[in-house]
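Welcome! Have a look at the model shown here, and then we can walk through its charged contacts and its pocket together.

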Amino acid sequence: MPALSSFDYAAIRVVPRVDREEFVNAGVIVFCLDRKFLRARVQADESRWRALWPDVDVEAVSRHLQAIARVSAGEPDAGPVAQLSARERFHWLVSPRSTVIQVSPAHSGLCESPETILEELFQRLVTCA
């Protein structure tokens, strides 16, 4: 049996109208220091966003969600934050914001595989499977 590693995660939320505080989960970020793993998986759901705000700028929100995934992966062309350490990127990504894209509080757990837990959390929190 593989050894367990601690991990932290947060849900990525789209809050089309910040004043109403209604949101749709649009992704998840998983950080596992032991396994040197930081990844985000995101999904655009235009129909759910429009249910909360018909005038939402779907293209802009989708672009920003992709930026989160790119920063978490540390892509070289994703800007200066993407060049920070994985721990620094995770803390930057999960910092509280009052914008259209927000994150839940960070939660912790134990896993055998951060890749597997990322997929499980994405299915449970985003796709509602």
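## A pair within one helix

Let us start with Glu 59 and Arg 63, whose side chains form a salt bridge with an N to O distance of 3.5 Å. Keep in mind as you read that this is a predicted model. Both residues belong to helix H2, and they sit four residues apart, about one turn of the helix. Glu 59 has a relative accessibility of 59%, so Glu 59 counts as exposed, the cut-off being over 50%.

In general terms, side chains of opposite charge can pair when their charged atoms come close.

## A pair that links distant parts

How many salt bridges does the structure hold? The total is eight. One of them joins Arg 41 to Glu 119, with the closest N and O atoms 2.2 Å apart. Arg 41 is part of strand S3 (residues 37-42) and Glu 119 is part of helix H4 (residues 114-125), so this pair ties together parts that are 78 residues apart in sequence.

Are these two partners buried, exposed or partly exposed? Arg 41 is partly exposed, at 31% relative accessible area. Glu 119 is partly exposed too, with a value of 33%.

## A buried acid and a small network

Asp 45 and Arg 48 also meet through their side chains, in a salt bridge of 4.0 Å from N to O. Here the relative accessibility of Asp 45 is 19%, and Asp 45 therefore counts as buried, since the limit is under 20%. Its partner Arg 48 is partly exposed, with a relative accessible area of 32%.

Elsewhere, salt bridges link Arg 70, Glu 75 and Asp 77 in a network.

## The largest pocket

Now for the pocket. The largest one has a volume of about 230 Å³. Three elements each give two or more residues to its lining: helix H2 (58-73), helix H3 (86-93) and strand S4 (101-103). Which of the elements gives the most to this lining? That is H2, with four residues.

Among the lining residues are His 64, Ala 67, Ile 68 and Val 71, along with Trp 92, Leu 93, Arg 97 and Thr 99. The list also includes Ile 101, Gln 102 and Val 103. Sorted by class, the lining of the largest pocket has seven nonpolar residues, three polar ones and one charged residue. Helix H2 thus appears in both topics: it holds the pair Glu 59 and Arg 63, and it gives four residues to the pocket lining.

Conventions:
Residues numbered from 1 in each chain as written. Predicted model: local features only at pLDDT ≥ 70, side-chain atom pairs only at ≥ 80, totals over all residues. Heavy atoms only, no water. 1 Å grid on protein atoms, 1.4 Å probe; cavity = no way out; pocket = protein on both sides within 12 Å on 5 of 7 lines; lining within 4 Å. Points joined across faces, edges and corners; volume = space filled by probe spheres on them. Nonpolar A, V, L, I, M, F, W, Y, C, P; charged D, E, K, R; others polar. Buried < 20%, exposed > 50% of the residue type's maximum accessible area, 1.4 Å probe, protein only.
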